[in-house]
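Me: Please take one part of this model and examine it closely, working outwards from it to its surroundings. I would like a single connected account, with the cut-offs stated where they are needed.

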Amino acid sequence: MVIKMKFNVDSFGIFNDVWALLTAGDKDGYNSMTISWGGLGTLWSKPVATVYVKPVRYTHQFMEKSDYFTVSFFSEEYRNALMLMGMKSGRNADKVKEAGLTADFLENSVMFKEAKTTLLCKKIYKQDLDVGNIPEDVVKAFYTDEAAHTMYIGEVVDIIEG
């Protein structure tokens, strides 16, 4: 299989430095959250994006029931919007409206018109992280009060430029 899509970015810095908006669901119901952890690569000869969501996050339930998700990257001018999207829950607020973003509904998922680039991903694997396999200092820093993240790997089936 030849991978024909191109996404030229700093794969080590794009999540940590630029952040992204993870969205799961569809026009009947969705949620988004800002993420600063993730990865891009190849698995089973497929281009993939890997994201991590704690079970306590509202987005988790949408990730669990959805076959697709999007990972959207924005220009720096949307930094405050992404900060708000990461601080507020969609359970009790219309944070998309409050952030000034515009949902754009795809056949299988949701993206945002303001996004610079959106990866449409088909979920191909998921697994709850096992704290028994995580270094003790990381467990102390991230998992003393809440369950560990669920890792989701999605095949990148489309790259949508804004």
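Reply: Asp-26 stands opposite Gly-29 in S2. The model is a predicted one, so local features are restricted to pLDDT of at least 70 and side-chain atom pairs to pLDDT 80 or more, whereas totals for chains, interfaces and linings use all residues. Numbering runs from 1 along each chain as its sequence is written, and side-chain values rest on heavy atoms, with hydrogens and water left out.

The facing residues belong to the hairpin that S1 and S2 form, with 2 residues between the strands. Strands (E, at least two residues) and helices (H or I, at least four) are DSSP runs numbered from the N terminus. S1 spans 20-26 and S2 spans 29-35. The two strands pair in the antiparallel sense over 7 bridges; pairing requires that DSSP find at least two bridges. Elsewhere in this pairing, Ala-20 has Ile-35 in S2 as its bridge partner.

How is Gly-29 placed in S2, buried or exposed? Neither word applies: Gly-29 lies in strand S2 and is partly exposed, because its relative accessible area is 27%. The classes are buried under 20%, exposed over 50% and partly exposed in between, for a 1.4 Å probe and protein chains only. With neighbours within four places in sequence set aside, Gly-29 is in contact (heavy atoms within 4.5 Å) with Ala-24 and Phe-62. Phe-15 is 14 residues away from Gly-29 in sequence, yet their C-alpha atoms are 25 Å apart in space.

S2 as an element is largely enclosed by the rest of the structure, because 5 of its 7 residues are buried. Its partner S1 is mostly covered, with 6 of 7 residues buried. S1 also pairs with S5, again in the antiparallel sense, over 4 bridges. In that pairing, Leu-22 stands opposite Val-71 in S5.

Phe-62, the contact of Gly-29 named above, leads to helix H2, where the buried residues are Thr-59, His-60, Phe-62 and Met-63. These four residues are on the same side of H2, because they cover an arc of only 165 degrees around the axis, taken from the directions from the helix axis to the C-beta atoms. In an α-helix there are 3.6 residues a turn, so residues three or four places apart point the same way. The buried residues of H2 pack against S1 and S2, and also against strand S4 (46-53), strand S5 (68-73), strand S8 (117-128) and strand S9 (150-161).

Within this helix, which covers residues 58-65, Thr-59 is found. Thr-59 counts as buried because its relative accessibility is 1%. Beyond four places in sequence, Thr-59 touches Leu-22, Asn-31, Ser-32, Met-33 and Val-53. Leu-22, which faces Val-71 across the pairing of S1 with S5, is thus listed here as a contact of H2's Thr-59 as well. By contrast, 22 Å separates the C-alpha atoms of Thr-59 and Ile-159, which lie 100 residues apart along the chain.

A further helix packs against the hairpin strands. Helix H3 (residues 79-87) has Arg-79, Ala-81, Leu-82, Leu-84 and Met-85 as its buried residues. The buried residues of H3 pack against strands S1 and S2, as well as helix H1 (14-18) and helix H4 (95-99). Both S1 and S2 therefore appear among the packing partners of the buried residues of H2 and of H3.

Two loop residues deserve mention for their backbone. Trp-19, in the loop between H1 and S1, has a positive phi of about 70 degrees although it is not a glycine. Trp-44 shows a positive phi too, about 55 degrees, and is likewise not a glycine. Most residues other than glycine have a negative phi. Trp-44 lies in the loop between strand S3 (38-43) and S4, and it is classed as exposed because its relative accessible area is 53%.

In summary, the hairpin pairs its two strands over 7 bridges, S1 pairs additionally with S5, and buried residues of H2 and of H3 pack against both hairpin strands.
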